[in-house]
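User: Could you take a close look at one residue in a helix for me, and then at the core of this protein? I'm new to this, so please explain the terms as you go.

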Amino acid sequence: MNHRREIVICLGSSCFARGNKSLLKIIQRYITQHGLTDKVAFKGDHCFGECHIGPNVKIGGKVYNEVSEDNIHHILAEALQDLLK
Ligand code: FES
């Protein structure tokens, strides 16, 4: 079985209050709609220690800052490009 690409959303209070609460649902929906359920591992984590540049989401080890409803689809499409067929 292939190693799953890890998507980690910061669920620390700052990121959660500033947008990750809704991004959680958006990312979950994106994974389902694009048939990525078996290719990614989606989980939440505690504060990354970078609240001032949040909301933060980590994909494949790379941290994306200032993630919003406006840029999340672009970020996911780029970070998961090779998994989207
Ligand atoms: S709450 Fe997300 S980095 Fe601190």
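Analyst: Helices here are DSSP runs of H or I with at least four residues, and strands are runs of E with at least two, both numbered from the N terminus. Keep in mind that this is a predicted model, where local features need pLDDT of at least 70, side-chain atom pairs count only at pLDDT 80 or more, and totals for chains, interfaces and linings use all residues. Residues are numbered from 1 along each chain as its sequence is written.

So, isoleucine 75: you'll find it in helix H2, residues 72-79. Isoleucine 75 counts as partly exposed because it has 17 C-beta neighbours inside 10 Å; buried takes 20 or more other C-beta atoms within 10 Å, exposed means 12 or fewer, partly exposed is in between, and C-beta atoms are placed from the backbone. Setting aside neighbours within four places in sequence, isoleucine 75 is in contact with Tyr64 and Val67 (contact means C-beta atoms, placed from the backbone, within 7 Å). Its C-alpha atom is 8.0 Å from that of tyrosine 64, eleven residues away along the chain.

Val67 leads us to the core, since Val67 is one of the twelve residues in the largest nonpolar core. Such a core is a set of buried Ala, Val, Leu, Ile, Met, Phe, Trp, Tyr and Cys residues joined through C-beta atoms within 7 Å. Its members also include Ile7, Val40 and Leu76. Strand S1 (5-10), helix H1 (13-33) and strand S3 (57-59) each supply at least two residues of this core. As for Val40, its contacts include Ile7 and Ile31, not counting residues up to four places away in sequence.

Notes: Contact = placed C-beta atoms within 7 Å.
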